[in-house]
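Q: Could you take a close look at a single charged residue in this chain and describe the surroundings in which it sits?

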Amino acid sequence: MSLKSILRGTAVATLLFAVPVLAQTAPTPESAPQKSGPCEKGHRGKHGGGGHKFGRMEKRLDRQVAEGRLSQAQADGFKAEARALHEEMKAARAAANGQVDEAQRSQFKERRRALKEKIKAALAPTQQGA
């Protein structure tokens, strides 16, 4: 046998054994880690992202529920409101080709501040009682 045919046979045999092993270890969508929150990329992009703020807010709300300072229903309501605001911001950006004017930007910032104040107000009675 020639060296070339031996190498081909070895390569084929290696592939026959490696393919089933690789197929078993390939990550499936169920085993892949799931990202929490609305941030799709997991990092801040060129223009600062924005979804990361809502993702952190959701994590803080989950922590407050775990500590017993908020009910799950309250946290779910705040999360839904935050998601709706985030989706509205994304839609406004998409409609304006990625550039929202200063008036819209300040309006969204004010609404986000109002949501944060609402969350603080929900936490305030438990802070005074402690």
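A: In this predicted model, R112 is buried, that is, under 20% relative accessible area with a 1.4 Å probe and protein chains only, yet R112 has no salt bridge, a term that asks for a side-chain nitrogen of Lys or Arg within 4 Å of a carboxyl oxygen of Asp or Glu. The nearest side chain of opposite charge, E110, lies 10 Å away. Local features need pLDDT of at least 70 and side-chain atom pairs pLDDT 80 or more, whereas totals for chains, interfaces and linings use all residues. Residues are numbered from 1 along each chain as its sequence is written, and side-chain values use heavy atoms, without hydrogens or water.

R112 belongs to helix α4, residues 102–129, where helices are DSSP runs of H or I with at least four residues, numbered from the N terminus. Apart from neighbours within four places in sequence, R112 is in contact with K53, F54, L85 and M89, contact being heavy atoms within 4.5 Å.

One of these partners, K53, also belongs to a positive surface patch together with R56, R60, R63, K109, K116 and K120; such patches join like charges within 9 Å, using residues with over 30% relative accessible area and no salt bridge. Two or more residues of the positive patch come from each of α2 (51–66) and α4, and α2 gives the most, with four. K116, like R112, is placed in helix α4, but K116 is partly exposed, with a relative accessible area of 39%, partly exposed covering the range between 20% and 50%.

Over the whole chain of 130 residues, 20% count as buried.

Notes:
Lys and Arg count as positive and Asp and Glu as negative; His and the chain ends are not counted. Patches are made of residues with over 30% relative accessible area and no salt bridge: like charges are joined within 9 Å, nonpolar side chains (Val, Leu, Ile, Met, Phe, Trp, Tyr) within 5 Å. Accessible areas come from the Shrake-Rupley method with a 1.4 Å probe; for residues, only the protein chains shown count as cover. The place of a charge is taken as NZ of Lys, CZ of Arg, CG of Asp or CD of Glu.
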